[in-house]
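Here's a quick tour for anyone meeting this structure for the first time. Have a look at it, then read on.

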Amino acid sequence: MDKFEEYLLQYEERLEEDIAKRVAFIREQVDGQKLGGAVVGISGGIDSAVTAALCVRALGKERVIGVWMPAYSQAVHAEDSRKLAEAIDLNLVTVDLSKAYDAAVAEISKVLELDDKTKGNTKARLRMTTLYAIANQKGYLVIDTCNRSEVYVGYMTKGGDGLADINPVASLTKHEVRIMARQLGIPESILTKAPSADLWAGQTDEQEMGFTYEDLDRFLLTGEANPEAKEKIEYLHRISEHKRRAMPEI
Ligand SMILES: Nc1ncnc2c1ncn2[C@@H]1O[C@H](COP(=O)(O)OP(=O)(O)OC[C@H]2O[C@@H]([n+]3cccc(C(=O)O)c3)[C@H](O)[C@@H]2O)[C@@H](O)[C@H]1O
Ligand SMILES: Nc1ncnc2c1ncn2[C@@H]1O[C@H](COP(=O)(O)OP(=O)(O)OP(=O)(O)O)[C@@H](O)[C@H]1O
Ligand SMILES: [Mg+2]
């Protein structure tokens with residue numbers, strides 16, 4: 001067994017304790033500030049599944065709203081979101097953003113042409129707007145789902161999925177999220193699906209980043225990586241520093 005595998009095995013041993021710590025964190029943030037509850041964007045992916053499950057454990061079904069927000073999203077993710085809601089007893093609502101997305105892109109395109117990535121980021125920022133509308137109206141917090149691996153390389157949309165009020169999974173690598181997901185009873189189809197932002201057809205995280213989560217998490221947890229992956233990881237980390245910092249001000 002190598003250092004990476006050993007680390008993950010040790011994590012499994014303290015899993016229940018770690019879940020309890022994160023559940024207590026959510027409770028403290030919401031109840032401690034006398035807020036009503038939590039809103040989470042539900043994508044059919046594993047990060048939002050784990051985050052929502054922690055919220056339901058912390059606050060109960062009545063105080064958590066999961067929001068599925070399709071905008072030309074793949075049907076498989078809609079189905080996985082439904083399965084998740086059933087498995088963890090989540091109150092799931094749908095806000096269809098297709099028309100808002102089309103209208104925003106059409107108006108902005110009168111000024112300049114947008115490429116697929118910029119359009120995808122616009123979609124993520126419309127989701128943020130929706131979650132804040134719900135949280136604002138109900139006196140809830142918007143819960144961030146970005147994990148440690150994504151945050152390290154800035155693999156999130158600034159002002160989109162990268163903007164929320166509290167993050168109960170920020171210190172977990174993707175591999176730790178997967179371990180936790182099994183324990184929380186997340187459906188198998190979500191556990192085994194390739195991570196994707198689903199911002200455009202066929203997008204997958206690993207293809208876009210140019211290295212695997214195994215490369216990235218091995219590097220984060222043990223400091224080891226093949227030279228090519230290490231170079232890409234460090235490059236993305238460097239150019240995304242602004243996403244992890246407060247806005248420069250004078
Ligand atoms: N040095 C600097 N100091 C301060 N601000 C700086 C900056 N450089 C860029 N910026 C600002 O940041 C903007 C670029 O950031 P951003 O808008 O995020 O855009 P960008 O980093 O180009 O794209 C976001 C990436 O995250 C991926 N993503 C998004 C959403 C979810 C997921 C997922 O895993 O599911 C992945 C997406 O596929 C894409 O690769 C620039 O337009 C500029 O406004
Ligand atoms: N169609 C969607 N509806 C609602 N929320 C979404 C949707 N797509 C993305 N999101 C939000 O944006 C977050 C970032 O997406 P990301 O792909 O990193 O996470 P994930 O889908 O939960 O897991 P994975 O990385 O394994 O795909 C999601 O966790 C979710 O909160
Ligand atoms: Mg996803």
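Which residues in the largest nonpolar core touch the most other members? They are A38, V39, V50, A52, C55 and V64, out of 38 residues in that core. Keep in mind that this is a predicted model; its mean pLDDT is 97.

**The nonpolar cores**
- Several elements give two or more residues to the largest core: α2 (15-31), β1 (37-41), α3, β2, α4 (75-88), α6, β4 (140-142) and α8 (174-183).
- The top contributor is α3, which gives ten residues to this core.
- Apart from this core lies another one, made of 13 residues, with C146, Y213, L220 and I233 among them.
- V64 is a handy residue to click on: leaving aside its neighbours within four places in sequence, V64 is in contact with G37, A38, V40, A52, C55, V56, L59, L90 and N91.
- As a bit of background, nonpolar side chains in soluble globular proteins tend to be buried together.

**The overall fold**
- The chain has 13 helices and four strands.
- Its radius of gyration is 18 Å, close to the 18 Å that the globule rule gives for 250 residues, so the chain is as compact as a globular protein of that length.
- Along the principal axes, the C-alpha atoms fill a box of roughly 55 × 45 × 45 Å.
- Buried residues make up 37% of the 250 residues.
- Among contacts with a separation of 6 or more, 73% join residues 24 or more positions apart.

**Around ligand 1**
- There are 16 residues around ligand 1, and N121, T157, K158, A197 and H242 come nearest.
- Both α6 (116-138) and α10 (205-209) supply at least two residues of this shell, with α6 giving the largest share, four residues.
- By type, the shell around ligand 1 splits into five nonpolar, five polar and six charged residues.

**Around ligand 2**
- Ligand 2 has 21 residues around it, and those that come nearest are G41, S43, G45, D47 and S48.
- At least two residues of this shell come from each of α3 (46-59) and β2 (64-68).
- The largest share, three residues, is from α3, the helix that also gives the most to the largest nonpolar core.
- Here the mix is eight nonpolar, seven polar and six charged residues.

**How confident is the prediction?**
- In the chain, 100% of residues reach a pLDDT of 70 or more.
- The model scores ipTM 0.99 and pTM 0.98.
- In general, predicted coordinates should not be read in detail where pLDDT is low.

How values were computed
Residues are numbered from 1 along each chain as its sequence is written. Chains are lettered from A and ligands numbered from 1 in the order in which they are written. This is a predicted model: local features need pLDDT of at least 70, side-chain atom pairs count only at pLDDT 80 or more; totals for chains, interfaces and linings use all residues. The radius of gyration is taken over C-alpha atoms; the globule rule is 2.2 Å times the number of residues to the power 0.38. A residue is buried if 20 or more other C-beta atoms lie within 10 Å of its own, exposed if 12 or fewer, and partly exposed in between; C-beta atoms are placed from the backbone. Two residues are in contact if their C-beta atoms, placed from the backbone, lie within 7 Å. A residue is near a molecule or strand if its C-beta atom, placed from the backbone, lies within 6 Å of it. Ala, Val, Leu, Ile, Met, Phe, Trp, Tyr, Cys and Pro count as nonpolar, Asp, Glu, Lys and Arg as charged, and the others, Gly among them, as polar. pLDDT is the predictor's confidence in each residue, from 0 to 100. A nonpolar core is a set of buried Ala, Val, Leu, Ile, Met, Phe, Trp, Tyr and Cys residues joined through C-beta atoms within 7 Å.
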